[in-house]
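Here is a short report on a pocket and a sheet. Look at the structure first, then read on.

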Amino acid sequence: MGIVRAVCTSDRRGIQKVNVGTAEFQEGFGICGDAHGGDWHRQVSLLSAEKIEEFNRRGAGAEPGAFGENLVVEGFDFKNLPVGTRFRCNDVILETTQIGKECHTHCRIYDKMGECIMPTQGVFAQVIHGGRISAGDEMEILEETDGRYTAAVVTLSDKGARGEREDTSNPLICEMMEEAGYRVVERLLLSDEQERIEKELIRLSDGRQVNLILTTGGTGFSERDCTPEATMAVATRNAPGIADAIRMHSLTITGRAMLGRGVSVIRNKTVIVNLPGSRKAVKESLEYVLPHLEHGIRILTGDDSDCGGK
């Protein structure tokens, strides 16, 4: 059981939040009146009161909201709870969606201390059910989740990122994943920039802790095609069989499949698979490997006691 110690909001992004003591939480949006509310995965930020106190003992002198956090809660080490954990406080239900974040600008705390705890200790959540939270309210962890494995779909295309080409592969992958029982939590369309691709793959794997990342595009012979290189750069282990199976199956359809350079790897607890760029090739590839991916994810996550399906 945890205790809410502060409820903080701000009317614009990029500034410290102010402890307002109580606030209304809106399902699918976040905190009413807070600049970070919206239809996205980082609606509410949470930080452990114990982590703030520990940091302050080193001379930070931080007040609630100084790190940009919405809720300061005593009793939970948020960083060590998995993404997807649900919390209840009064009628409000929150589900964590990401651990930590990259800070693009430094706050006053960073300027003073040379570091900030929000990027490593803060977590983010979506509002599943709305209501009111006030300082002093109790918060508990709920056991139930929807039980589905999570996925992210990333399209790599210079022309697509510039709006010069419609991305038809990404929506198809999302549709096929939802039909297979996965929950697609994020979709991205990026240009063929290896450093950016690596950062997003790391964020999706480590921060959002998705079970499966599927990329589409950027696997050919073009000088700009760098998806396999970016994928291999973030891997902690190789898992070549998935990519080999895609090529093997595709070769029964077209000999040009031998030109595909897609790879498949593991990063910690996340499987990353490169798919081709065309809608037709994506459909053919995913139909072939999708029925077998869940078994590998179950083993990777340690949820392999029942091999009959999730």
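## The largest pocket

In this predicted model, the largest pocket holds about 920 Å³ of space. Its lining counts 38 residues. Closest to the pocket centre are Val83, Gly84, Thr150, Gln209 and Asn211.

Which elements give two or more residues to this lining? They are strand 8 (92-99), strand 11 (138-142), strand 13 and helix 6. Strand 13 provides the largest share, with 4 residues. By class, the lining of the largest pocket splits into 15 polar, 13 charged and 10 nonpolar residues.

## The sheet

Strand 13 also belongs to an open sheet of 6 strands. The order is 13-12-14-17-16-15, and the pairing is mixed. Strand 13 (183-190) and strand 15 (237-238) are the edges. Each has a single partner strand, so one side of each has no neighbour in the sheet.

Strand 12 (residues 150-156) and strand 14 (residues 212-216) run parallel, joined by 5 bridges. Here Ala151 sits opposite Leu212 of strand 14.

## Helices on the sheet

Helix 6 (residues 194-207) lies across strand 12, strand 13, strand 14, strand 16 (264-267) and strand 17 (270-275). Helix 6 runs at about 170 degrees to strand 13. Both helix 6 and strand 13 are among the elements that line the largest pocket.

Helix 8 (residues 240-251) packs on the sheet too. Helix 8 touches strand 15, strand 16 and strand 17. Its direction makes about 25 degrees with that of strand 17.

Conventions: Residues are numbered from 1 along each chain as its sequence is written. This is a predicted model: local features need pLDDT of at least 70, side-chain atom pairs count only at pLDDT 80 or more; totals for chains, interfaces and linings use all residues. Side-chain values use heavy atoms; hydrogens and water are left out. Two strands pair if DSSP finds at least two bridges between them. Contact means heavy atoms within 4.5 Å. Axes are lines fitted to C-alpha atoms, for helices over the stretch in contact, and angles run from 0 to 180 degrees between N-to-C directions. On a 1 Å grid over the protein atoms alone, a cavity is a set of points where a 1.4 Å probe fits but cannot get out, and a pocket is an open set with protein on both sides within 12 Å along at least five of seven lines; lining residues have an atom within 4 Å of a point. Grid points are joined across faces, edges and corners, and a volume is the space filled by probe spheres set on the points. Ala, Val, Leu, Ile, Met, Phe, Trp, Tyr, Cys and Pro count as nonpolar, Asp, Glu, Lys and Arg as charged, and the others, Gly among them, as polar.
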